Amino acid sequence: MADQKLKNPALRTIRPGWQGNPMHNGRFTSEFGQGNQSMLLALKWQLTKNPQREEKKLDTWLPPMADPREFLKSKQDGMVWLGHATFFIRLGGVTFLTDPVFYGVSYMKRKVPLPVPPEELPKLDYVLLSHGHFDHCDKKSLQKLRQTHSFKVLTSLKMQALIQKWLPGITIQEAGWYQQYNVPQEQPQVFFLPTYHWHKRGLTDNNKILWGSFMLQTPKQTLYFGADSGYDRHYQEIRKLFPKIDTCILGVGAYSPAFIMKPSHTNPEEAVQAYRDLNGSTFVPMHYGTFDLSDEPLGEPVRRLQKMEAAGQIPGKLKILAIGEPLLFE
């Protein structure tokens with residue numbers, strides 16, 4: 001299959017000159033470079049002793065919990081962290097749920113429970129699915145949500161073939177990088193943007209589904225949901241299109257060992273640099289504390305962020321949320 005560039009021709013492209021996501025032999029490639037997703041690298045990880053093994057055993061830290069029901073029942077604009085990369089967001093009365101994962105993933109149990117049963121979530125206008133990895137695109141969670149809620153899905157190119165059968169009757173809209181979804185003009189506008197990441201769910205489907213991040217924008221609020229990403233210059237490209245971002249939600253966990261995690265996730269220092277690149281006002285860390293995905297101790301990401309904050313190395317406002325804690329938008 002010849003190389004090609006793919007985008008949704010029905011959607012507006014916001015980056016001048018962007019022709020679409022590059023593909024090679026039917027698989028998406030990164031604009032900036034491709035990480036190594038070889039199974040040999042995964043085997044190397046399994047055979048390499050974790051230098052923090054004892055420290056990790058002794059780390060009993062877990063994210064604190066809060067009850068989000070008062071906020072969820074209100075009409076206030078804001079968001080609440082439900083764990084890992086799942087956020088309930090309300091902007092101008094329009095509601096979004098990012099990467100819903102309510103249960104354990106691939107034989108891994110949640111370290112902390114969901115702070116509210118899925119059926120108690122308010123009405124949902126949109127579910128945002130950033131990519132197809134199991135800890136972000138969970139069949140059981142999506143099917144559970146469909147039992148009690150009706151919503152539209154905004155997601156990446158080639159995702160519909162995977163999820164449509166899980167969500168009968170649900171409208172799914174796919175976008176490539178730097179594309180704006182078709183939503184009513186009076187609602188928050190939603191854009192799909194790059195990440196440095198990859199796709200895999202089975203043995204032979206590497207990078208056959210696109211991955212990415214989301215920007216939500218109203219006249220009063222610009223919010224970036226960074227999904228999964230290693231650090232690269234895409235954050236600087238995003239800033240060219242969105243010069244001032246009020247809220248940046250960025251991953252700070254699952255970064256060790258770097259030889260396998262660096263092309264997939266940011267560590268706390270890299271996330272702070274991404275936040276600087278994005279010129280963000282408030283930094284909300286995520287992707288830590290809910291699942292044990294990597295070698296670092298569970299509480300290390302928060303401790304490293306707090307150390308940087310105390311040293312004056314984080315511009316703007318760092319907001320470390322409890323799971324279930326609302327953050328209200330001004």
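**Notebook: the chain as a whole, then one sheet**

I began with burial and noted that 59% of the 330 residues in the chain are buried, where buried means under 20% relative accessible area with a 1.4 Å probe and protein chains only. I keep in mind that this is a predicted model, in which local features need pLDDT of at least 70, side-chain atom pairs count only at pLDDT 80 or more, and totals for chains, interfaces and linings use all residues. Residues are numbered from 1 along each chain as its sequence is written, and side-chain values use heavy atoms, with hydrogens and water left out.

Next I looked up the overall dimensions. The C-alpha atoms fill a box of roughly 55 × 50 × 40 Å along the principal axes. The radius of gyration of the chain is 19 Å, which agrees with the value near 20 Å for a compact globule of 330 residues; it is taken over C-alpha atoms, and the globule rule is 2.2 Å times the number of residues to the power 0.38.

For contacts (heavy atoms within 4.5 Å), I found that 70% of those between residues at least 6 apart in sequence join residues at least 24 apart.

I then turned to secondary structure, which comes to nine helices and 18 strands, counted as DSSP runs of H or I with at least four residues and of E with at least two, numbered from the N terminus. Three strands form an open antiparallel sheet in the order E1-E3-E4, with E1 (4-6) and E4 (27-28) as the edge strands, each pairing on one side only; strands pair if DSSP finds at least two bridges between them. Strand E3 (residues 21-24) is joined to E4 by two bridges, and I noted Met-23 opposite Phe-28 in E4.

Notes. Buried < 20%, exposed > 50% of the residue type's maximum accessible area, 1.4 Å probe, protein only.
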